[in-house]
Amino acid sequence: MKSIKIILLFIIAFSINSCGVYNFTGAKPINAKTFQVNYFQNTAELVEPGIERTFTLRLQDLIQNQTNLNLTNTNGELLYEGEIVEFRVTPMTATADQRAAQNRLTISVMVRFSNKNKEEDNFEKRFSFFYDYSGNSQLVGSQLTDALDVIFERITQDIFNESLAKW
């Protein structure tokens, strides 16, 4: 009976200990306490006002929600900076009378990531995603908001995965 209690205690202790390494976001253990996201300027040829602020805030929110890092304005151990380099609308399919039946909004962001504690993790990379919409509608109002939500969710998650999750 005593050996069963010892074995059960050992299994419980091992189970609790193994849970400490796992987290639900997939981020590896980070040797940092602070992060900084500098304002992403919009340098694209076609400029949509306000998307640079929206993107910067979305990236900050994602990192805060999926890690225990603290956001700082200066001297962050992890630094994200860059610019929006592409905002492009292109026709994808045409109708019989040579009109666009479907358009695609593509946004690309150039990101420079620096980790002061582990410089081999530093990178400069372009992240891009798209949103398809009907050629009969204008990309304004709620449709633009929906497109930006889809695109920025994917791009910020890709940046998170590249910098912290190492996927």
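The legends below describe three close-up views of a predicted model.

**View 1. Helix α3 and the residue after it.** Helix α3 covers residues 141-165 (helices are DSSP runs of H or I with at least four residues, numbered from the N terminus). Its 25 residues should span 36 Å at 1.5 Å a residue, and the end C-alpha atoms lie 34 Å apart, which agrees; the expected span is 1.5 Å times one less than the number of residues. K166 follows α3 and has a positive phi, near 60°.

**View 2. Crossing of α2 and α3.** The axes of helix α2 (residues 51-66) and α3 come within 10 Å and cross at roughly 50°. The two helices are therefore oblique to each other (neither under 35 degrees, nor over 145, nor 65 to 115).

**View 3. Lining of the largest pocket.** The largest pocket holds about 210 Å³ of space (a pocket is an open set of points on a 1 Å grid where a 1.4 Å probe fits, with protein on both sides within 12 Å along at least five of seven lines; lining residues have an atom within 4 Å of a point). Of its 13 lining residues, P29, I30, K118, D121 and K166 are the closest to the centre.

Residues are numbered from 1 along each chain as its sequence is written. Local features need pLDDT of at least 70, side-chain atom pairs count only at pLDDT 80 or more, totals for chains, interfaces and linings use all residues, and side-chain values use heavy atoms, without hydrogens and water.

Terms used: Points joined across faces, edges and corners; volume = space filled by probe spheres on them. Axes fitted to C-alpha atoms, helices over the stretch in contact; angles between N-to-C directions.
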